[in-house]
Amino acid sequence: DSLNAAVLGPDVDADSETWDFFLKDVLRDMTQKAGQKCTAIRRILVPESLGERFRDDLADRLAAVVVGNPATEGVRMGPVATASQKAAVLEGMSLLARDGRLVHSRPGLKPEGVPEGKGFFVSPTLLEVEPGAEARSVHSHEVFGPVATIVPYDGSAAQAVELISRGAGGLVSSIYSEDVPFV
């Protein structure tokens, strides 16, 4: 699995350009190709002190994503590839939800510009685990679709590294910070 991570540094101010860049990157990775890319962010490490604000900001942006036929004006996310892929995404979301809580999803999503019953559409979905939670599934199971989980950490580089290392594989991890010693 590619349990890629994005880490927000504890120095990042919620009104900064770095904060906005981090939000945009996470949103893009969750929705581009409906999250079906090997380098997509699956685990979002956010300092506990910034967690609530980040969660709310990302949930607001996810709520604005228009899902449907990519040829329709205004649509920002299309379907997953197949019926079996959709089933796997939904099953994976259920697995991850056992370790955390659902923050954002749109059950019963009606895709734009798509005839009823056509396509394999899944809502962009955000989950969150409690600070210090073991969250085994989050660190061992990749959902290959528009799904990511916020993993709070204490703001130390050591804990960020420890959490990333729990992943059972990954292709990329990114750090968003202007604090050179932290990076």
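Author: Before we talk about charges, note that Lys and Arg count as positive here and Asp and Glu as negative, while His and the chain ends are left out. The model itself is a predicted one.

Reader: Fine, so how far apart are the mean positions of the positive and negative charges?

Author: They lie 9 Å apart, taking the 18 positive charges against the 26 negative ones.

Reader: And the fold, in what order do the elements run from the N terminus?

Author: The order is β-α-β-α-α-β-β-α-β-α-β, which gives five helices and six strands. The radius of gyration is 16 Å, close to the 16 Å that the globule rule gives for 183 residues, so the protein is as compact as a globular protein of that length. Along its principal axes, the C-alpha trace spans about 50 × 30 × 25 Å.

Reader: What share of the residues is buried, and how much area does the protein expose?

Author: Buried residues make up 45% of the 183, and the exposed area is about 8900 Å², with carbon and sulfur atoms supplying 51% of it.

Reader: Switching to Gln36: where is it, and is it buried or exposed?

Author: Gln36 sits in the loop between helix 1 (17-31) and strand 2 (41-47). Its relative accessible area is 17%, and because buried means under 20%, Gln36 counts as buried.

Reader: Which residue has its backbone nitrogen 2.9 Å from a polar atom of that side chain?

Author: That is Ala81. Leaving aside neighbours within four places in sequence, Gln36 is also in contact with residues including Pro79, Val80, Gln85, Phe144 and Gly145.

Key
Residues numbered from 1 in each chain as written. Predicted model: local features only at pLDDT ≥ 70, side-chain atom pairs only at ≥ 80, totals over all residues. Heavy atoms only, no water. Helix = DSSP H or I, 4+ residues; strand = E, 2+ residues; numbered from the N terminus. Rg over C-alpha atoms; globule rule 2.2 N^0.38 Å. Buried < 20%, exposed > 50% of the residue type's maximum accessible area, 1.4 Å probe, protein only. Areas by Shrake-Rupley, 256 points an atom, 1.4 Å probe, with all protein chains shown as cover. Charge placed at Lys NZ, Arg CZ, Asp CG, Glu CD. Polar contact = N/O pair within 3.5 Å; in protein donor to acceptor, adjacent residues only side chain to side chain. Contact = heavy atoms within 4.5 Å.
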